[in-house]
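Thanks for coming. I will go through one structure today, starting with a pocket and then turning to the ligand.

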Amino acid sequence: MNLADKFDAYLKANLPKASSFHPHYEKALGVMLLAGGKHFRAQLVLGVVNALTPELVDAAMPVALGVEMIHTYSLIHDDLPAMDNADFRRGTPTLHKSYDEVTAILVGDALNTNAFLLISQAKLDPVVRCECVSELARGAGVGGMVLGQAIDCYFENTKLSLSELEFLHIHKTACLIAASLKIGAIIAGASLSEQDKIYNIGIRLGLVFQIADDILDATSSSEVAGKPVGHDDSKNSFTNLLGIDGAKVAKAKHLELIQDEIKELPFNIAQMIKNLISKYLKD
Ligand code: GRG
C-alpha cells in the first residue's frame, strides 16, 4: 500500500470518538475528515519520515493525522458565515449547512485540540513529541496560520501590495505546509540545519500551493474544485493582483527555485517533493 492509501486507512480507523447522548456531535466530528481532501500535509509529514526512517512511518501516523485535523479545523472555520460563508467543501455541504453554526464552531475547536492529544500519545520519543507539538502550534497558531487568516479577513476589501499578499499567504497557507515537512524531519531525527532547509523549501512550496489554488479558483468550476469558486473579485488573491497569466508566471518561477533548492536535500526527500509537485501542482 502506498503512503497516501495507508494514511487514508489510518484516518478512517481513527476518527475522533466522543460517545454521549448528543444526537449528532460524534458523527459531525468525522464528516469533514471523511469527505476526502488530498491529505497533502499528511503526505509531507509521512513522506519525509519514509524517506529517512521508514521504520518510523507507523509511529508517525497519529502525528500526520493531527496535522490533517488542524488543517480540517481551519477549513471548517474558514467556511463559517463570519468568514467565507461557504456552502460546500470537499464536495460536501459545510457543517454549518448540514448541522448548524454551533456544531461547525465546536467541531473545529475539537479537531484543533485533538491534534495535540494525538501527537502527545504517539509512540515516539517524548522530546520528539514535544518538538512536534511546538512546531505544529507555531505553524498553525498565533504568529502562523491564524495571523494570515486575521490579515486576510481584515483586509478583505482592501487591495494589498505583492509583498503584503505574500506575507498573508505565507502565514495563512505556507506556514502549516512548511511545518508539516519540518515535523517529518523532526520525527526522522534530521539535524537542525537540515530541518531549517526543509522548512524554507516548505514555505516556497506553500506559496506555490496557494498560487495554484488561486488559479484553480479563477479557472475551474465548483464541481471540479468541490467548493465555491471564482465568486470574489475583491479578495486578495494572486490571480486578482497579477492576472491569471501573471499568477502562472509567479508559480513557475517559484517551482523553478524549488527544483534548485531541493538539490541540497537528501535524494529521497527531493524525490518525494518532486512527486507531490507532479501530482498536485503541475498545470
Ligand atoms: C480559520 C484560522 C483559520 C484559518 C483558515 C487554510 C485557511 C486558513 C483557509 C482556507 C482558504 C483557502 C482556500 C486557502 C487556499 C489554500 C488552501 C489551504 C486550500 C485548501 O487546502 P487543500 O487544497 O484542501 O489541501 P484539501 O481539501 O485537499 O485538504
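First, a term: helices (H or I, at least four residues) and strands (E, at least two) are DSSP runs, numbered from the N terminus. What you see is a predicted model, in which local features need pLDDT of at least 70 and side-chain atom pairs count only at pLDDT 80 or more, while totals for chains, interfaces and linings use all residues. Residues are numbered from 1 along each chain as its sequence is written, and side-chain values use heavy atoms, with hydrogens and water left out.

The chain has 13 helices and 2 strands. Its radius of gyration, taken over C-alpha atoms, is 18 Å, close to the 19 Å from the globule rule (2.2 Å times the number of residues to the power 0.38) for 283 residues, so the chain is as compact as a globular protein of that length.

Now the second largest pocket. A pocket here is an open set of points on a 1 Å grid over the protein atoms alone, where a 1.4 Å probe fits, with protein on both sides within 12 Å along at least five of seven lines; lining residues have an atom within 4 Å of a point. Which helix gives the largest share of this lining? It is α13, with 5 residues. Helices α1 (3–13), α3 (40–52) and α13 (267–281) each supply at least two residues. Among the lining residues are Asn2, Gln43, Asn268 and Lys279.

Next, the ligand. It is surrounded by 19 residues, counting those with a heavy atom within 4 Å of it. The closest are Lys38, Arg41, His71, Arg90 and Asp213. Three of these names come up again in polar contacts, that is, pairs of N or O atoms within 3.5 Å. A side-chain N or O atom of Arg41 is 2.8 Å from a ligand oxygen. For His71, the distance from a polar side-chain atom to an oxygen of the ligand is 2.8 Å. Arg90 also has a side-chain N or O atom 2.8 Å from a ligand oxygen.

On its own the ligand has 700 Å² of accessible area (Shrake-Rupley method, 1.4 Å probe), and the protein covers 92% of that. Two or more residues of the shell come from each of α4 (57–78), α8 (145–154), α9 (162–187) and α10 (192–219). The largest share, 6 residues, belongs to α4.

Technical notes:
A polar contact is a pair of N or O atoms within 3.5 Å; within protein, one must be able to donate a hydrogen and the other to accept it, and residues adjacent in sequence count only if both atoms are side-chain atoms.
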